Amino acid sequence: MDVLINVFVALHIIGIASLLGGFLTQMKTMGSGTARFTPAMLHGALTMLVTGMALVGLNQADDQTVNNVKIGIKLALLVVILALVYVKRDEEKVDKGPFIAVGALTAANIFIATVWT
Ligand code: HEM
């Protein structure tokens, strides 16, 4: 079971790379107002959701404690991220506000996941 959980943590991290990487590579274009939500960001956010839910189930099946408050907050932030990226996925230019919000919420989730032990 440990190997399976670790595989899903790895997939979870690949999801972060896709979501945050998509944001970081667009930061320069944000200044000129041409930043957009790329498919990598949407697929990364979806990967986070699927692998995160799988991790909750796997940890519970393995009788490991899951911090429900922490996971609930991460899920709530990811729902906002997903909603923004999904709704604006076809827009060729996204305003600074929602774009920064997605980057900031993703970073916040990383800190919640790692600092809240
Ligand atoms: C942008 C959104 C998210 C980010 C950046 C994120 C980040 C992370 C990171 C860095 C880890 C590894 C931490 C460690 O093993 O010490 C982790 C683990 C985990 N994540 Fe996420 N996560 C996100 C969303 C979610 C969601 C939506 C769920 C559940 C529905 C979830 C459930 C879990 C679980 C169960 C673990 C393993 C147990 C734990 O360390 O708490 N994550 N996450």
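**Figure 1. Composition of the shell around the ligand in the predicted model.** The residues that form the shell around the ligand divide into 10 nonpolar, 4 polar and 2 charged. Of the 16 residues around the ligand, those that come nearest are His-12, Met-48, Lys-74, Asn-109 and Ala-113. The ligand itself sits in the largest pocket, and the elements that give two or more residues to its shell are the helices α1 (2-31), α2 (39-61), α3 (68-87) and α4 (96-115).

**Figure 2. Nitrogen and oxygen atoms of the ligand beside the side chains of His-12, Lys-70 and Lys-74.** In this view, a nitrogen atom of the ligand is 2.6 Å from an N or O atom in the side chain of Lys-74, and a nitrogen atom of the ligand is likewise placed 2.8 Å from an N or O atom in the side chain of His-12. For Lys-70, the ligand atom concerned is an oxygen, which is 3.5 Å from an N or O atom in the side chain of that residue. Two of the residues shown here, His-12 and Lys-74, are also among those that come nearest to the ligand.

**Figure 3. The largest nonpolar core.** This core holds 19 residues, of which Phe-37, Met-41, Ile-81, Val-85, Phe-99 and Val-102 touch the most other members. At least two residues of the core are supplied by each of α1, α2, α3 and α4, and the largest share, 5 residues, comes from α3.

**Figure 4. Asp-63 in the loop between α2 and α3.** Although Asp-63 is not a glycine, its backbone has a positive phi of about 60°. As a general background to this view, most residues other than glycine have a negative phi. Asp-63 has a relative accessible area of 72% and is therefore classed as exposed, the cut-off for that class being over 50%.

**Figure 5. Gly-31 in helix α1, shown together with Met-48.** Gly-31 lies in helix α1, and because its relative accessibility is 64%, this glycine counts as exposed. Along the chain, Gly-31 and Met-48 are 17 residues apart, and in the predicted model their C-alpha atoms are separated by 28 Å. Met-48 is one of the residues that come nearest to the ligand, so that this view can be read together with the legend of Figure 1.

Key: Residues are numbered from 1 along each chain as its sequence is written. This is a predicted model: local features need pLDDT of at least 70, side-chain atom pairs count only at pLDDT 80 or more; totals for chains, interfaces and linings use all residues. Side-chain values use heavy atoms; hydrogens and water are left out. A residue is near a molecule or strand if one of its heavy atoms lies within 4 Å of it. A polar contact is a pair of N or O atoms within 3.5 Å; within protein, one must be able to donate a hydrogen and the other to accept it, and residues adjacent in sequence count only if both atoms are side-chain atoms. On a 1 Å grid over the protein atoms alone, a cavity is a set of points where a 1.4 Å probe fits but cannot get out, and a pocket is an open set with protein on both sides within 12 Å along at least five of seven lines; lining residues have an atom within 4 Å of a point. A molecule sits in a cavity or pocket if more than half of its atoms lie within 2 Å of its grid points. Helices (H or I, at least four residues) and strands (E, at least two) are DSSP runs, numbered from the N terminus. Ala, Val, Leu, Ile, Met, Phe, Trp, Tyr, Cys and Pro count as nonpolar, Asp, Glu, Lys and Arg as charged, and the others, Gly among them, as polar. A nonpolar core is a set of buried Ala, Val, Leu, Ile, Met, Phe, Trp, Tyr and Cys residues joined through side-chain atoms within 4.5 Å. Buried means under 20% relative accessible area, exposed over 50%, partly exposed in between (1.4 Å probe, protein chains only).
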